[in-house]
Structure formats: structure tokens, C-alpha cells
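Thanks for coming. I will go through one structure today, a few residues at a time. Please keep the picture open while I talk.

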Amino acid sequence: MKIVADRNNVTSIIQQNHQALLHTIENTAHAAGKPTPLMLAVTKNHGIEEIEPLLQQGQRVFGENRVQEAASKWPSLRQNFSDITLHLIGPLQTNKVALAVSLFDVIQSVDREKLATKLAQEQEKQQKNIRCYLQVNVGNEEQKAGVAWEDLDALYRHCRECQLTVEGLMCIPPALGDPTPFFQQLAQKATEMGLKNISMGMSGDYKIAIESGSTMLRVGSALFAGTAHSIGAAI
Ligand SMILES: *Cc1c(COP(=O)(O)O)cnc(C)c1O
């Protein structure tokens with residue numbers, strides 16, 4: 001009995017978080033005079049029983065940051081919901097590209113030519129069009145994934161040469177400090193490149209991202225706040 005009660009409780013917490021976030025996102029965009037961005041639900045470290053409440057709410061766009069973890073959850077969920085769009089938002093090693101292409105619809109972490117070439121080859125092999133974002137290391141951080149600003153144009157050219165569909169830019173700003181200048185730079189660069197999609201903003205900074213012109217927020221911990229799994233999560 002206790003377990004059932006807890007499960008119901010978790011479901012309702014997640015659904016309330018989801019609804020409240022959509023509401024806040026819409027209000028923030030409206031107040032800033034910006035279009036309302038799409039909210040991608042980041043479900044890394046969360047199991048199927050925590051994803052189902054989101055599906056029940058109509059959420060269909062999801063993000064995972066590890067290929068192997070996605071392989072253990074999404075094929076079964078997709079059997080029941082044919083209209084799911086799954087984004088890879090974490091780093092991708094070339095030896096996982098085949099699996100990634102079979103599992104995901106969108107790869108947001110394209111950051112080097114070798115990876116782009118491999119993705120292009122694999123989409124040809126699997127006869128599946130993969131939509132890509134170029135991840136930019138906006139803060140020039142040594143340990144962080146993403147293409148350097150000065151290499152971005154060349155990477156984009158390379159992607160077009162190998163017939164890879166690039167839909168937008170993505171970034172994770174430095175953890176400390178105000179992300180505003182990084183968000184603004186990314187949005188401006190996307191506009192200059194003629195790319196419509198700008199993936200930026202997470203639980204801690206999504207309002208700033210909206211005000212800076214984000215078209216896609218990647219929200220994880222705020223969706224699961226108040227559930228057992230969220231203990232220690234920064235929200
Ligand atoms: C985990 C993750 C997110 C979500 O972060 P939260 O702070 O939990 O909202 C967004 N983007 C990437 C790339 C992530 O790995």
C-alpha cells in the first residue's frame with residue numbers, strides 16, 4: 001500500500017511541476033515580448049515510471065545525455081507513444097554513433113568534424129535523417145564539450161558538405177557567473193548563420209535564456225523537484 005501511495009504522489013508532483021513550468025515559461029516569454037520556447041524534458045537518471053507522468057501530460061519532446069541509458073528506456077516507451085521526439089544532449093563518442101542514430105531523432109552535441117562525418121555516414125547507412133545542432137563551447141572552457149567560436153563556421157560548412165541537417169546551435173554556459181552575455185552571443189550567431197533553433201536554458205537559468213531569445217529549453221531537475229530522486233538537485 002505504501003509503495004502505491006508513494007508512486008501516486010511522485011506522479012502528481014511531477015505533473016504539477018510540469019504544468020507550473022509551462023505556465024512560468026509562457027508568462028516569462030510574454031513579459032519579455034519573446035516567442036514561447038519549446039520545453040524539452042531532460043529525463044537522465046530518471047526511470048520509466050517517472051517519465052510516464054510526463055507523457056500523460058502530453059509532453060513529447062525529451063532529452064537524454066547518455067546513449068546507453070537512453071537505449072534502456074526509450075525503445076519500450078516509443079512502442080506506446082509513436083510521436084515522441086528524442087534529443088541527445090550529451091557528448092557523443094564516434095564508436096556510439098550507430099546506436100545513437102538508431103535511438104535518437106536529434107543530436108544536439110555535434111562539436112567536431114570527425115563526429116559530423118561519422119553521423120553523415122551512419123544516417124546514409126540506416127536511411128534515417130538525423131537532425132543536428134552544433135554545440136558551442138561559449139565560455140571557452142577547457143574541460144567542456146563544444147566547438148570553439150573560431151571553429152564554428154568551418155564545422156557548419158563541413159556539415160553542409162556532408163549533407164548533415166543542421167537546425168540550430170546549443171550551449172551550456174559556464175556554471176558560475178551571469179549566463180546572459182553567452183546566451184545573447186549564441187542567439188546572435190544563430191541568427192547570423194540563418195539557423196532558427198537556439199537550444200539554451202536549464203532549470204537554473206531558463207528565464208534568462210528566454211529573455212535572451214532561446215527557442216528550446218532543456219529542463220531536468222526542476223521537473224522532478226520534490227520527488228525522492230531530486231534530493232540534492234540544484235533547484
Ligand atoms: C542535465 C542537462 C540539462 C538539464 O539540467 P537541469 O539543471 O537538471 O535542468 C540540460 N542540458 C544538458 C546538456 C544536460 O546534461
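S199 is part of strand β7, which covers residues 197–199. Keep in mind that this is a predicted model. Is S199 buried or exposed? Its relative accessible area is 0%, so S199 is buried. Setting aside neighbours within four places in sequence, S199 contacts Q108, Y133, L169, M170, C171, L186, M216 and R218.

Next is strand β6, residues 165–171, where we find V166. V166 has a relative accessibility of 13%. Buried means under 20%, so V166 counts as buried. Which residues does V166 touch, if we do not count those up to four places away in sequence? They are C132, L134, Y156, C159 and L195. V166 and V110 are 56 residues apart along the chain, and 9.3 Å separates their C-alpha atoms.

One of the residues that V166 touches, Y156, has a further neighbour to point out. R160 lies over the face of the Y156 ring, at 4.3 Å from the ring centre.

Now to strand β1, residues 38–42, which contains L38. L38 has a relative accessibility of 42%, so it is classed as partly exposed. Not counting residues up to four places away in sequence, L38 touches V61, T215, M216 and L217. M216 is a name you have heard already, as it is also among the contacts of S199. For L38 and V61, the separation is 23 residues in sequence and 8.5 Å in space, C-alpha to C-alpha.

After β1 there is a loop that leads to α2, and N45 lies in it. A word of background on backbone angles. Most residues other than glycine have a negative phi. N45 is not a glycine, yet its phi is positive, near 65 degrees. N45 has a relative accessible area of 49%, so it is partly exposed.

Q127 gives us another case: a positive phi of about 55 degrees in a residue that is not a glycine. Where is Q127 found? It sits in the loop between α5, residues 113–126, and β5, residues 131–136. Q127 is exposed, because its relative accessible area is 65%.

G58 also has a positive phi, of about 100 degrees, and comes just after α2.

That brings us to helix α2 itself, residues 48–56. Its buried residues are E50, I51, P53, L54 and L55. A general point about helices helps here. An α-helix has 3.6 residues a turn, so residues three or four places apart point the same way. You can look for that pattern on the screen.

What does Q15 contact, leaving aside its neighbours within four places in sequence? The answer is P53, Q56 and Q57. Q15 belongs to helix α1, residues 2–32. Its relative accessible area is 17%, so Q15 is buried. Q15 and L55 are 40 residues apart along the chain, with 9.6 Å between their C-alpha atoms.

For contrast, take E124, in helix α5. E124 has a relative accessible area of 55%, so it is exposed. From E124 to Q15 is 109 residues in sequence and 39 Å in space, C-alpha to C-alpha.

On to aromatic rings. How many aromatic pairs does a search of the whole structure find? It finds one. The pair is F62 and W74: their ring centres are 4.8 Å apart and their planes are at 45 degrees, so the pair is tilted. F62 is in strand β2, residues 61–64, and W74 is in helix α3, residues 67–80. The two are 12 residues apart, and the pair links distant parts of the chain. Both F62 and W74 are buried.

The last item is a pocket. The second largest pocket holds about 180 Å³ of space. It is lined by 13 residues, and those closest to its centre are N65, P91, L92, Q93 and K96. What kinds of residue make up the lining of this pocket? Four are nonpolar, five are polar and four are charged.

To recap two items: S199 is buried in relative accessible area, at 0%, and the single aromatic pair found in the structure is a tilted one between F62 and W74. That is all I have.

Notes. Residues are numbered from 1 along each chain as its sequence is written. This is a predicted model: local features need pLDDT of at least 70, side-chain atom pairs count only at pLDDT 80 or more; totals for chains, interfaces and linings use all residues. Side-chain values use heavy atoms; hydrogens and water are left out. Helices (H or I, at least four residues) and strands (E, at least two) are DSSP runs, numbered from the N terminus. Buried means under 20% relative accessible area, exposed over 50%, partly exposed in between (1.4 Å probe, protein chains only). Contact means heavy atoms within 4.5 Å. Rings of Phe, Tyr and Trp (its six-membered ring) pair if their centres lie within 6.5 Å; planes under 30 degrees apart count as stacked, over 60 as edge-to-face and the rest as tilted. A charge sits over a ring if NZ of Lys or CZ of Arg is within 6 Å of the ring centre and within 35 degrees of the ring normal. On a 1 Å grid over the protein atoms alone, a cavity is a set of points where a 1.4 Å probe fits but cannot get out, and a pocket is an open set with protein on both sides within 12 Å along at least five of seven lines; lining residues have an atom within 4 Å of a point. Grid points are joined across faces, edges and corners, and a volume is the space filled by probe spheres set on the points. Ala, Val, Leu, Ile, Met, Phe, Trp, Tyr, Cys and Pro count as nonpolar, Asp, Glu, Lys and Arg as charged, and the others, Gly among them, as polar.
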